Amino acid sequence: MQSDIDAIWLTLKLALFTSVLLMLIATPLAWKLSRWQHKAKNLVLAVVALPLVLPPTVLGFYLLVVFSPNAVAGELWQLITGEQLAFSFAGLVIGSLIYSLPFAVQPLYASFLQLDNRYIDVARTMGMSKWSRFRRIIMPICKPAFMVALGLSFAHTVGEFGVVLMIGGNIPGETQVLSIALFEHVEAMEYGKAHALAFGLLVFSFLLMALLYRYNRNGVTAWKS
Amino acid sequence: MEVVVNTTGDNLSLNVRLDFPASARFVGLSGPSGAGKSTLLRCLAGLSRAAKVNGQWDALRIARVRTGLVFQDSLLFPHLSVGQNLLLAADFAKQQTHHFDEVVLGCRCHHLMTRMPETLSGGEAQRVAIARAILNSPAILLLDEPVSALDDSLKHEVLKYLATLSRGGLKILMVSHDLRELALYTDYMAWMDAGTIVHQGPSDNVLAELTSQLPGFEQRFSVFTGKLEAHLEEQNCYAIRCEGQLIYSRFPVIDGKEAMLTIDARDISVDREAANASSIVNGLESIIEGISDSQDGQLMLTLKTGQTQIFALISQLSQERLHFKVGETVTARFKLR
């Protein structure tokens, strides 16, 4: 039971870290992409979208290779922090960032594309700085997209399985997330415990999605012009 | 004022030289669609990186000063109420040159403050957009068809307010398709075509040039100026003494003791009855100076009373019935509006 609670706690922590960090990464990335006119743009979009179609185990496998102390990234991490990246919480966060990146970038990218550039022109003629324009004009107008991006990347990280199994393994309290705890219960034929976790995840995911759709509908209808 | 703008776009390259005396405060810009008027405004506002903008307007370096731009669409920030849109603009002004309440009242948006932009009509949104631009305290205000969505009475109220601001020192460059509007309110005017300025100068001169030079372009309206005699509150109109005769109007442009109005040639009728023998209030005794064919089988009568030229568009049928001749004295009539 305690290990289940640990798993829930760890999962929420991982999802929170990942989704908040993703907002910081995905926002400038989506903005640049939405304003970028270059032949290579489609390639970059494809790379960002790759985790949508790639089997999580493939992503997990290559991350594991990169994280290994023999690889440059893994070695560098070990040099700086003194710990190894594979089978650690930090490794999980990095894996989740890549795994959930398209879920954060896509809604923001679509919203930035739709944003009428002339709002920004008006703000510029008013003498608003880049940061003011972003905070006072772009962010509020695109708020529904930010909520969707945050919600989707949170929910997607909560439901992560394959990547975690590959790069995190199954260390209780360190890398054992909900979906893996669930898998363990099934393996051990503890169907009652498995059901509790599975049903909890189902309800949680459903509620989050319902909330997002409701919010997004309001967001869209409130500002139709 | 001398401003040079050069830019090369996808389908239009701009090569503009605006040349006006420093005293020019309210400048009009017109021309056919696609002439580059909106592009020119964007360049002047500093929104086009590729554009080279050089020059001064009354000691103001165009590329350096704060320029306000009001687009054809109002582009109010959709997440902010009208009041918040206006306050945001005022917040980012370098200094407060206009009194908030005065601007709000002048643009007739005092009753809209708590409304959200999506609930406004086109005309209301345009007024708010003008107020927002003014509250940002620009040194130069650029307006792209700012009053096209307003009905007549509001249009003139807002334009009158803009004229007041321009007399107070704000420099205004306004794009409009309505030459009457420009002739009434602006002191200088430029006519633009295919990315260059074709005519520019005092508004009256430009209008005269346009009339005489552009094929197919006709002077379609008359300009009446005179002394403001009275404001008849009960009848809701102004009395103006023009060429010794009284004319009445609801929306003249008033500048101190002077008043001015324009009447479309289609709205002027011509007859031989005495000036006061009709239900139409305004009747000016005048002499026919010319009769020429106009489009759609109509005739353009050029009349003169004193120094004022009047243009009246009449049908062939009327001419066959009445046989107007050059030199004849007639009454030019138009309704009080």
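In the predicted model, strand 17 (residues 282-293) and strand 18 (residues 298-305) of chain B are paired in the antiparallel sense over 6 bridges. Within this pair, B:D293 has B:L299 of strand 18 of chain B as its bridge partner, and the hairpin that the two strands form has 4 residues between them, with B:D296 taking a positive phi near 60 degrees. Strand 18 of chain B also pairs with strand 19 (residues 308-315) of chain B, again in the antiparallel sense, over 8 bridges. Here the bridge partner of B:Q298 is B:S315 in strand 19 of chain B, and in the hairpin of strands 18 and 19 of chain B, which has 2 residues between the strands, a positive phi near 60 degrees is found at B:G306.

Antiparallel pairing is also found at the start of chain B, where strand 1 (residues 2-8) is joined by 7 bridges to strand 2 (residues 13-19) and pairs over 5 bridges with strand 4 (residues 52-57). The two faces of strand 1 of chain B are unlike in their surroundings, in that B:V3, B:V5 and B:T7 make up a covered face, whereas B:E2, B:V4, B:N6 and B:T8 make up an uncovered one. One residue of the covered face, B:V5, stands opposite B:V53 in strand 4 of chain B, while B:N6, which belongs to the uncovered face, stands opposite B:N15 in strand 2 of chain B.

A parallel arrangement is seen around strand 8 (residues 171-175) of chain B, a mostly covered element in which 5 of its 5 residues are buried. The side chains of B:K171, B:L173 and B:V175 point one way from this strand and those of B:I172 and B:M174 the other way, and all of these residues are buried. Strand 8 of chain B runs parallel to strand 3 (residues 26-30) of chain B, to which it is joined by 4 bridges, and B:L29 stands opposite B:V175 in this pairing. Strand 8 of chain B likewise runs parallel to strand 7 (residues 140-144) of chain B, with 5 bridges between them, and the bridge partner of B:L143 in strand 8 of chain B is B:M174. The connection from strand 7 to strand 8 of chain B passes through helix 5 (residues 152-167) of chain B, and this β-α-β crossover is right-handed.

For chain A, an unreviewed UniProt entry lists residues 8-212 as "domain: ABC transmembrane type-1". In the model this span is 80% helix and 0% strand, and its end C-alpha atoms lie 22 Å apart. The feature "transmembrane region" is placed by UniProt, also in an unreviewed entry, at residues 12-31, 43-65, 85-105, 137-155, 161-183 and 195-215 of chain A. Among these spans, residues 85-105 of chain A are 81% helix and 0% strand, with the end C-alpha atoms 25 Å apart. For residues 161-183 of chain A, by contrast, the helix content is 52% and the strand content 0%, and the end C-alpha atoms lie 9 Å apart.

Within the latter stretch, A:G168 is located in the loop between helix 9 (162-167) and helix 10 (178-187) of chain A. A:G168 counts as buried because 27 other C-beta atoms lie within 10 Å, where the cut-off for a buried residue is 20 or more. Leaving aside its neighbours within four places in sequence, A:G168 is in contact with A:F87, A:G91, A:L92 and A:T175. A:G168 and A:I94, which are 74 residues apart in sequence, are 11 Å apart in space, C-alpha to C-alpha.

The contact between the two chains takes 16 residues from chain A and 17 residues from chain B. On the side of chain A that touches chain B, the elements that give two or more residues are helix 6 (117-125) and helix 7 (130-141) of chain A, with the largest share, 6 residues, coming from helix 6 of chain A. The residues on this side of chain A divide into 8 nonpolar, 3 polar and 5 charged.

As to confidence, the predictor gives the complex an ipTM of 0.81 and a pTM of 0.76. The mean pLDDT of chain B is 87, with 96% of its residues reaching 70 or more, and chain A averages a pLDDT of 89, with 96% of the residues scoring at least 70. Over residues 220-225 of chain A, however, the pLDDT is below 50, and this stretch has 7 contacts in the model beyond near neighbours in sequence. Where pLDDT is low, the predicted coordinates should not be read in detail.

Technical notes:
Residues are numbered from 1 along each chain as its sequence is written. Chains are lettered from A and ligands numbered from 1 in the order in which they are written. A residue is buried if 20 or more other C-beta atoms lie within 10 Å of its own, exposed if 12 or fewer, and partly exposed in between; C-beta atoms are placed from the backbone. Two strands pair if DSSP finds at least two bridges between them. A crossover is right-handed if, with the strands pointing away from the viewer, the path from the first strand over the helix to the second runs clockwise. UniProt positions are given in the numbering used here, feature names are shortened, and annotations may be inferred rather than shown by experiment. Ala, Val, Leu, Ile, Met, Phe, Trp, Tyr, Cys and Pro count as nonpolar, Asp, Glu, Lys and Arg as charged, and the others, Gly among them, as polar. pLDDT is the predictor's confidence in each residue, from 0 to 100.
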